[in-house]
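User: I'd like some practice in reading a fold from its model. Could you take me through it step by step?

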Amino acid sequence: MLIPISDATDPRVDFFRDLKRPRSGESKRLMVESKLSVARAIECGLKIESILTDERCVDEISTDVISSIPVYVAPRAIMNGIVGFEFHRNQLACVERQQQPDLAHITGGSDSSIVVVCPEIADPTNLAGIIRNAAALGADGILLGPSGADPFSRRSIRVSVGNVFRIPIRRAADLEAELEQLRRGNGFETVATVLASNAEILPNFRPKPRTALLLGSEGEGLGDHWIRSSDRCVTLPMKREADSLNVATASGIILYHFAEQLGR
């Protein structure tokens, strides 16, 4: 139902209040920010608990959604007062966090599969960029280490433009064990992305049909342990003595190459 909000202190919209305030860990309720991200959450069948929308955008919400959940409608000035700053993304949604998929679900159901593995990506913007690239370029799933950025933080959801809802994402309690399961139980080859002259260069690299691509952290890259335990190493040749690319940028280039090689 449509519920007009005329007072920024209205307790019914407390979930959306002071948007930039620190929030506890991996909460059971997600803050989804921007019209596109809210639309993606709806499209992907997530359970939407409520929506806060700028009154100018209410016509873009389907009647099915309006009839099933509270949709709070506020003028721009009131919305700014609720979130605590000048807000230009028009919509917010409170969404129930889904249970994470099991390992089998992120590998896809065919003989050709690409899984992106991030042992420890700390920056939510970089993680969101990787997820957006993986979704766009046909990867089957994302496997994360036990630490690192939350892929379902407000910032990650927004920067990924809701693509966190379009690709299975799993956080492994024991990443090493799950990678070994991918290799021995599911026939995956593990490929480490590195800066090394003895690695295979990307233009000549031919991935196996089932590949797990390991991406390193922003500052240090992949740790020696992950490199040593990988089946192969790949590197991006660069010009002008550039030493590296942003990890999200590199992921897009490598995933495009892998998708082309595997005919995906």
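**Reading the fold, step by step**

Analyst: Gladly! Let's begin with the domains: the centres of domain 1 and domain 2, taken over C-alpha atoms, are separated by 32 Å. Keep in mind that this is a predicted model.

User: Which residues belong to domain 1 and domain 2 in the domain assignment?

Analyst: The assignment places 2-96 in domain 1 and 103-262 in domain 2. Where they meet, 16 residues of domain 1 are in contact with 11 residues of domain 2. The C-alpha trace of the protein spans about 65 × 40 × 30 Å along its principal axes.

User: How many helices and strands are there in the protein?

Analyst: The protein has nine helices and 12 strands. Seven of the strands form an open sheet with parallel pairing, in the order β8-β7-β6-β11-β9-β12-β10.

User: Why is one side of β8 and of β10 left without a neighbour in the sheet?

Analyst: β8 (169-171) and β10 (200-201) stand at the edges with a single partner strand each, so each has one side with no neighbour in the sheet. Further in, look at strand β6 (residues 113-118): over five bridges, β6 pairs with strand β11 (residues 210-214) in the parallel sense. Within that pair, Val116 stands opposite Leu213 in β11.

User: And which strands does helix α9 touch as it packs on the sheet?

Analyst: Helix α9 (residues 247-262) touches β6, β9 (189-193) and β11, and its direction makes about 160° with that of β6. Another helix to find is α5 (residues 124-136), which lies across β6, β7 (141-144) and β8 and runs at about 180° to β6.

User: Now the interior. How should I think about a nonpolar core?

Analyst: The general idea is that in soluble globular proteins, nonpolar side chains tend to be buried together. Here, the largest nonpolar core has 47 residues, and Ile51, Val116 and Phe165 touch the most other members. Helix α9 gives the most to this core, with six residues.

User: Why does this core lie between domain 1 and domain 2?

Analyst: Both domain 1 (2-96) and domain 2 (103-262) give residues to the core, so it lies between them. For a close look, try Ile51: setting aside neighbours within four places in sequence, its contacts include Phe16, Val38, Ile61, Tyr72 and Leu92.

User: What percentage of the 264 residues count as buried?

Analyst: In this protein, 50% count as buried. The accessible surface comes to about 13,000 Å², with 49% of it belonging to carbon and sulfur atoms.

Technical notes
Residues are numbered from 1 along each chain as its sequence is written. This is a predicted model: local features need pLDDT of at least 70, side-chain atom pairs count only at pLDDT 80 or more; totals for chains, interfaces and linings use all residues. Side-chain values use heavy atoms; hydrogens and water are left out. Two strands pair if DSSP finds at least two bridges between them. Helices (H or I, at least four residues) and strands (E, at least two) are DSSP runs, numbered from the N terminus. Contact means heavy atoms within 4.5 Å. Axes are lines fitted to C-alpha atoms, for helices over the stretch in contact, and angles run from 0 to 180 degrees between N-to-C directions. A nonpolar core is a set of buried Ala, Val, Leu, Ile, Met, Phe, Trp, Tyr and Cys residues joined through side-chain atoms within 4.5 Å. Buried means under 20% relative accessible area, exposed over 50%, partly exposed in between (1.4 Å probe, protein chains only). Domain bounds come from an automatic or database domain assignment. Accessible areas come from the Shrake-Rupley method with a 1.4 Å probe; for residues, only the protein chains shown count as cover.
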